[in-house]
Amino acid sequence: MTEVLAQPAVLILLGPPGAGKGTQARMLEEDFGLVQLSTGDLLRAAVAAGTEAGRQAKAVMEAGQLVSDDIVLAILKDRMAAPDVAQGVILDGFPRTAGQAAALDALLAANGQRVTAAISLDVDDEAMVGRVAGRFTCATCGEGYHDEFKQPAVAGTCDKCGGTAFKRRADDTAETVRERLKAYHAQTAPLIAYYDGKGVLQRIDAMGPIPAIRSALAAIVSRVSA
Ligand code: AMP
């Protein structure tokens, strides 16, 4: 069931690769009618479309490093201007640097808004390599699967939509995940203190089962948006 929030929310999901940001953002979309805004997805779409930004981002993404703030901010601003984000957004994978966080504050302030909550999905780094390296998604609906932890009930067929094509991200190799974890700790983890200082930080133990994390997140979102 979709709960309607009293006011549009701007939620940030923070956490290293594999923490479950994308999975939980999709669930928050279902639970609250919010829009998931993943800069990773937007960048992958730019790469696939062969735009100038996509061409510049491709090699950086494959190396597990961060794309420049200029490129990411341009893509994000475009997406934030679309009418469907009015009910509220879940930012998944953004901001990732202090510069992006400051730019987001300025963008929101220009519309009389601010960050409602930044929710850190706390996980053990060691477990993330295995989580990310085996994952794949339905090419039709985006449902997530994993070689070890979550195979489709019928091999080769998506549980959710019946699709039969699946895809894996080029950067979901063990080696690249280690680079992405390094980038996370060097450039993104400091944002936890940044949002704590603003009084909007929430933390969740994200090592447990997906439904338990979903409930914990939903409780936070209902509370901070009341
Ligand atoms: P994700 O899908 O969030 O894991 O992002 C995949 C890759 O896209 C990252 O490893 C980065 O190379 C790039 N990327 C996504 N979001 C950002 C961002 N906010 N800032 C810089 N690079 C990003």
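Which residue has a backbone N or O atom 3.1 Å from a nitrogen atom of the ligand? That residue is Val67. Let's take a walk around the site, and then on into the protein, keeping in mind that this is a predicted model.

## Around the ligand

Val67 has company in its polar contacts with the ligand. Gln65 also takes part through its backbone, where a polar atom is 2.5 Å from an oxygen atom of the ligand. Arg44 uses its side chain instead: one of its polar atoms lies 2.9 Å from a ligand oxygen. On its own, the ligand has 480 Å² of accessible area, and the protein covers 96% of it.

In total, 16 residues surround the ligand, and those that come nearest are Thr39, Gln65, Gly93, Gln100 and Arg169. The shell is a mix of classes, with six nonpolar, five polar and five charged residues. Helix H2 provides its largest share, four residues.

## A look at Leu66

Leu66 sits in the loop between H3 and H4. Is Leu66 buried or partly exposed? Its relative accessibility is 22%, so it counts as partly exposed, since buried means under 20%.

Leaving out residues up to four places away in sequence, Leu66 touches Val60, Arg96, Thr97, Ala183 and Gln187. Take Arg96 as an example: it is 30 residues from Leu66 in sequence, yet the two C-alpha atoms are 8.2 Å apart in space.

## The largest nonpolar core

Nonpolar side chains tend to be buried together in soluble globular proteins. Here, the largest nonpolar core has 32 residues, and the members touching the most others are Ile12, Leu43, Met80, Val89, Leu91, Leu104 and Tyr195. Strands E1, E2 and E3 each supply at least two residues, as do helices H2, H3, H4, H5 and H8. H4 (69–80) gives the most, with six residues. Helix H2 therefore appears in two parts of this tour: as a supplier of this core and as the source of the largest share of the ligand's shell, with DSSP runs defining the helix in both cases.

Ile12 is a good residue to click on. Beyond its neighbours within four places in sequence, Ile12 is in contact with Leu91, Phe94, Pro95, Leu104, Val115, Ala117, Ala118, Ile119 and Tyr195.

## A second core

There is also a separate core, made up of 26 residues. Phe32, Ala117, Ile204 and Ala218 are among them. Ala117 is worth a second glance, as it is also one of the residues in contact with Ile12.

Notes. Residues numbered from 1 in each chain as written. Predicted model: local features only at pLDDT ≥ 70, side-chain atom pairs only at ≥ 80, totals over all residues. Heavy atoms only, no water. Core = buried A, V, L, I, M, F, W, Y, C linked by side-chain atoms within 4.5 Å. Buried < 20%, exposed > 50% of the residue type's maximum accessible area, 1.4 Å probe, protein only. Contact = heavy atoms within 4.5 Å. Near = heavy atom within 4 Å. Polar contact = N/O pair within 3.5 Å; in protein donor to acceptor, adjacent residues only side chain to side chain. Areas by Shrake-Rupley, 256 points an atom, 1.4 Å probe, with all protein chains shown as cover. Nonpolar A, V, L, I, M, F, W, Y, C, P; charged D, E, K, R; others polar.
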